[in-house]
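Please open the model in your viewer, with the sequence panel beside it, and follow the selections below in the order in which they come.

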Amino acid sequence: MAQTSALNLTDDIKKEIGQHFIFGFHGPSPFSGRGTDILTLIGPGYWAGNVIFMKRNVLEPEDTVSSERGRAEVLASYIAGLQQHAHDSGQILGLGIGTDQEGGLVSAFSANGVATLFPGAMAMASISEDLIFSDDLPSKSSLNFTEAIYAAQGVELNMLGVNWAFAPVGDVNSERENPVIGVRSFGDDPERVAKHVLSSCKGLTSAGVAPSVKHFPGHGDTRVDSHLGLPRVYKEWAHNPDGSGLENIELVPFRRLTEKIHCDKNSFEDNESDMITVMTGHMSLPLVTGKADESASLSATVTTGILRERIKGLGFDGVVVTDCLEMDAIARTREDLMKGQQGQIPDKGIGTNYGPDSVDKADRGKEWKGGPGIEEGAVLALEAGADIVMICHTFEKQKAAVQHVWSAVETGRISLDKLRESTKRVAKWKKALGLEWHLYGERGGWNQDAWNQIKARNTALSLAAYKRTIVCLKKGEMLDPQRKIVVYTPAMERYNLAVDDAEGVLRTKGGAIRNTAGSSFLSFVDAIKKSVSSIRHVVFSQQDTEGQYVVQPEEQVIYTLRNADRSTWQLRGLERILRSAQETVVVVSGGTPYDLIGFQDELRAKDSYLACNEYTKPSLEAVKRVIFGEEPATGKIPVRVAIM
C-alpha cells in the first residue's frame, strides 16, 4: 500500500537500510588513517551491513614494522574487529565481508601471497577432460577440479573471515574484442561455462563462502569496458533459431544455475543454495528495456523481470548485488561528460576513471548521454530489485548514497514494504552464512598451524592445476637450455580497471617508474635464469627502434605477448624478430589466446606458439617448464581459436 505521508525514519529503519549497502575503504587497516572511514559507515548512524576488501587493503604497507604475526593473521584480526564493531554498534546480524577472488588476474587476497593464487577461469577451463589425474589430485574430471579449486579458495577465505566471494564469472566471452572480460571467462561455449559456474558455486558454498555469479545478464558480448562507459547489447530476451537471443548465450550460465537450485536438491547440501548471490552488471539492453542508456543493474525489467520473475524469467529468489556504482557507466553523469569535453576534471568520486572514453564503434545507437550518478544510482538499483548496492571508493559518495536512499524511503519513493521484502532476503542469506551473532561468536581464534597446513596443501593443488593449463597452439621446436636465450617481454600498459592497479608498475618510494617489465614477467625471467646458462632480457615497447629487435645469430627467442590483439604494436615487434632470428622462436600469449589471429602464417615451421591465459607468476613459470621440455603442454583452449 502506498505511503500517504512522509515516513518517520527511525534508527531501526536506518539499520535496515544499512543492510542494503556494501562499502570499500582505503588503506591497509580499517583502524588507522583513512581506513577508519569504514568504522563510521558500519557504526551508529549509517549501520552499513557489508564491507568489501580490495587489493589495496590486503597489500602490506611498506613501512610495516617486523612482527611475528603474518599478514594473513593481521587481516583476520581486522575482519574480526570489524565484526565486533558492527555488533557493538547494534547491528542485528554480522557483516557480509566480500572480495574479488576469481583466481588468476583478479585475486585481491592473493596479493603479497596472503591467499594461494589459483588459475583464473579461462586457464582453469583449459585443463583437458582427457587427462588421467594422479592419485593425489581431486578427480579425473576437470569440472571437479574446478570445484576443488574454488573449495580450496573458500577454505582460506573463510579462515580469514571473508564470507563472500565476487566470483565466479558467468560471462560467456563470445566477443573476442571484449576489453574487460576475456580470460576472466570460462570460455565461449555457454553450456560449458554454465558447468564451470555450477562447479565453482559448489566449491565455495561447501567452504561456507557465498558465491556471487557475475555480471548478470552478461558482459561477454561487449566492446566497451563498463569501468569507462556504458556497453550496449543489442539482443532480444529470447531463444532465437539463429542464436542471436540472450537465452542462446548470455543467460545460459545463470539459467542453468537457477535450474539446479530449484530442481536438483542434490546439487547443494542443506542451506548452501541460500548462500548463492548474483551480481548485476552495468550494460544496457535496448531491445529489452527500450532504453539505450539504462544500465541493466538499474533496470526493473532486467533485475525483477528477467532475473527474478518465475514464469518466463529465471526465478532467482536470492540476494542480488550490483557491481560498483563508482564505475563510469553509472557514476559519470551528463555533466561529467560535458566537463570532459571542455578539458575539465569531474568532481572527485564521480567519473573517477580518468582517461579516454570507452567507445564501441559498432554501436548502432546514439551517443551515450551519461549515467545517473552514484547517489541516484543507489536508489534506482534498489527500485529495480537489487538487494545490496556496492560503492567501493569514495567516502563522501558512500554517505551521500545512504542519505539519498533515506530520502527515497521517507518520501515513499521506495516503499517500506518493498524494502522489507529485500531485507528478508538479505537476512536469510546471512543466516545461511552463520552470521547470527550467537553462531558467529563460536568461531575460534587464529590458528597459524592450521593456516600453514592449508596453504601447503593448496599450493600443491595450485601447482598441479597450473601445469595442466598450458596450451600449444602451434607445434614446433622447443628450446635447448644449454644454448643462448633472449627473452622479450612487453612493457606494461593499462589492460582494464578490473585487473590493473598501481601495483602493476614497479615504482620507487617517490612514485617514479622504476622499470616497465611488470613483476610477473620479471619472475618469469628469473625462473628461466635458473634453467639456462646464457640469457638476455629485453623489455620492448611501441616506441622502440628496429635495433631493439636485432637477435644475435645463436640466440633462441622467447617472445611474450600481452593482449596483442588489442596492442598490435607487439605484433609489429614480432615481425621484426622473425626477420632477424635464425634460431627457433617460441611465442607465448600471456593474456587472451586471440593474439595471433590473422598472423598465424607469419610463424615459421620450427617456431612454436603457447598460450597460458594469464600473465601471473605461476602461469608463466608453468610456461617456462613447457618451453624447456620439463612438462608437456596438455591444455585445450576453451574458445574458438584455430590450432596451427
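## Starting at an asparagine side chain

In this predicted model, begin by selecting the side chain of Asn-248 together with Gly-245, where a polar atom of that side chain lies 2.9 Å from the backbone nitrogen of Gly-245. Next add Asn-240, whose backbone nitrogen is 2.8 Å from a polar atom of the Asn-248 side chain. Asn-248 itself belongs to the loop that runs between strand 7 (210-216) and helix 8 (252-263), and its relative accessibility of 15% places it among the buried residues, because the cut-off for that class is under 20%. If you now show what surrounds Asn-248, leaving aside its neighbours within four places in sequence, you will find contacts with Pro-190, Ala-238, His-239, Asn-240 and Gly-243.

## Back along the chain to strand 7

Which residue follows Lys-214 across a cis peptide bond? Select His-215: the bond that leads to it from Lys-214 is cis, with omega near 5 degrees, and His-215 is part of strand 7. A cis peptide bond also joins Phe-216 and Pro-217, with omega about 5 degrees, and Pro-217 sits in the loop between strand 7 and helix 8. Keep Lys-214 on display and add Asp-100, Glu-102 and Arg-184, since these four residues are linked in a network of salt bridges.

## Helix 8 and the loop after it

Move to helix 8 and select Arg-256 with Glu-259, which form a salt bridge whose closest N and O atoms are 3.5 Å apart. The two residues are three places apart in this helix, and therefore about one helical turn separates them. An α-helix has 3.6 residues a turn, so residues three or four places apart point the same way. Both partners are classed as partly exposed, Arg-256 at 29% relative accessibility and Glu-259 with a relative accessible area of 35%.

From here, select Asp-274 and Lys-428, whose side chains meet in a salt bridge with an N to O distance of 3.8 Å. Lys-428 lies in helix 15 (residues 416-432) and Asp-274 in the loop between helix 8 and strand 8 (277-280), so this pair ties together parts of the chain that are 154 residues apart in sequence. Asp-274 is partly exposed, at 27% relative accessibility.

A further pair to select is Lys-291 and Glu-294, which form a salt bridge with the closest N and O atoms 3.7 Å apart. Here Lys-291 is partly exposed, with a relative accessible area of 47%, whereas Glu-294 is buried, with a value of 18%. The structure as a whole holds 29 salt bridges.

## Two cysteines

Is Cys-201 buried or exposed? Its relative accessibility is 0%, and Cys-201 therefore counts as buried, whereas Cys-263, at 66%, counts as exposed. A disulfide is a covalent bond between the sulfur atoms of two cysteines. A search of the whole structure finds zero disulfides.

## Helix 18 and its cover

Now select helix 18 (residues 519-529), in which Ser-520, Phe-521, Ser-523, Phe-524, Val-525, Ala-527 and Ile-528 are buried. To see what covers these buried residues, display the elements around them, including strand 12 (485-490), strand 15 (535-540), strand 16 (556-561) and helix 20 (617-627).

## Two asparagines with positive phi

Follow the chain to Asn-563, in the loop between strand 16 and helix 19 (569-580), where phi is near 55 degrees, a positive value in a residue other than glycine. Asn-563 counts as buried, at 4% relative accessibility. Then select Asn-613, in the loop between strand 18 (608-611) and helix 20; its phi is near 70 degrees, again a positive value in a residue that is not glycine, and at 0% relative accessibility Asn-613 counts as buried.

## Zooming out

Finally, show the entire protein chain, which has 20 helices and 18 strands. Of its 644 residues, 60% count as buried, and the chain exposes about 25200 Å², of which carbon and sulfur atoms supply 49%. Among contacts between residues at least 6 apart in sequence, 77% join residues at least 24 apart.

Conventions
Residues numbered from 1 in each chain as written. Predicted model: local features only at pLDDT ≥ 70, side-chain atom pairs only at ≥ 80, totals over all residues. Heavy atoms only, no water. Helix = DSSP H or I, 4+ residues; strand = E, 2+ residues; numbered from the N terminus. Buried < 20%, exposed > 50% of the residue type's maximum accessible area, 1.4 Å probe, protein only. Polar contact = N/O pair within 3.5 Å; in protein donor to acceptor, adjacent residues only side chain to side chain. Contact = heavy atoms within 4.5 Å. Disulfide = S-S within 2.5 Å. Areas by Shrake-Rupley, 256 points an atom, 1.4 Å probe, with all protein chains shown as cover.
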